[in-house]
Amino acid sequence: RRMEPNELILKTKITGFGQRATVATLIEPGMRAYTLPVDAASAVGGFLLPGSRVDIILTTRDRAAPTTRILIQNIEIVAVDQDTDPDRIEAKVARTVTVQGTPEQVQALTLASTVGSLSLSLRGFGADSTNDAGVLDRNALLGVVEEEAPAPAPVEAAPEPEPEVQVIVRRGSQIEVKTMR
């Protein structure tokens, strides 16, 4: 990291003995780095810096309608392009952003990048709350209320036929069978 003349040397500003100054030294134990391709629109216009925290939003274009959802909340950026300096203050439109996440988050990001497009939403300093915004689709965005199909009219059961009754009439040696309703 950048150091000024006469500045105190802090542990956070230097690497350990024998370590190289790489992104790997910034990754916390048990975490993984994942790099996302970005452009000016998907990377908050160049205002992302190492140390910023973002939400990652997935937009898919399904057969029915496009949908969007917050995939991961409050994830830390460790590098913008190949810059890991959190003291950088100038905005810069990046081509890639590297985030630090759990193995499960990295797995979700890998799959999500093949399913749709990923965008970043910058969090304010100290904004660590999370909420489930759910899935937003075209109809919800435009306030279109889908009308439920009217319930089918109840089908009246056909009246049951009256039971047939057979009457056997015997007249001597003659038998006559009559069916009556």
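Colleague: Happy to look at this with you! How much area does the protein chain expose, and what share of it do carbon and sulfur atoms supply?
Modeller: Do keep in mind that this is a predicted model. The protein chain exposes about 13600 Å². Of that area, the share supplied by carbon and sulfur atoms is 55%.

Colleague: What percentage of the residues in the protein chain is buried?
Modeller: A residue counts as buried when its relative accessible area is under 20%. The protein chain has 181 residues, and the buried portion of them is 24%.

Colleague: Which pattern do the helices and strands follow along the sequence?
Modeller: The protein chain has two helices and eight strands. Read along the sequence, they give the pattern β-β-β-β-α-β-β-α-β-β.

Colleague: Let's turn to one residue. Which helix holds serine 113?
Modeller: The helix in question covers residues 103-115. Serine 113 falls within that range, in helix α1.

Colleague: Is serine 113 buried, partly exposed or exposed?
Modeller: The relative accessibility of serine 113 is 37%. Buried means under 20% and exposed means over 50%. Because 37% lies in between, serine 113 counts as partly exposed.

Colleague: Which backbone oxygen does the side chain of serine 113 reach?
Modeller: The distance is 2.8 Å, and the cut-off for a polar contact is within 3.5 Å. The partner is the backbone oxygen of threonine 110.

Colleague: And how far apart in space are serine 113 and leucine 36?
Modeller: Along the sequence, 77 residues separate serine 113 and leucine 36. From C-alpha to C-alpha, they are apart in space by 8.4 Å.

Colleague: Lastly, which residues does serine 113 touch, not counting those up to four places away in sequence?
Modeller: Contact here means heavy atoms within 4.5 Å. With residues up to four places away left out, serine 113 touches Tyr34 and Leu118.

Conventions: Residues are numbered from 1 along each chain as its sequence is written. This is a predicted model: local features need pLDDT of at least 70, side-chain atom pairs count only at pLDDT 80 or more; totals for chains, interfaces and linings use all residues. Side-chain values use heavy atoms; hydrogens and water are left out. Helices (H or I, at least four residues) and strands (E, at least two) are DSSP runs, numbered from the N terminus. Buried means under 20% relative accessible area, exposed over 50%, partly exposed in between (1.4 Å probe, protein chains only). A polar contact is a pair of N or O atoms within 3.5 Å; within protein, one must be able to donate a hydrogen and the other to accept it, and residues adjacent in sequence count only if both atoms are side-chain atoms. Accessible areas come from the Shrake-Rupley method with a 1.4 Å probe; for residues, only the protein chains shown count as cover.
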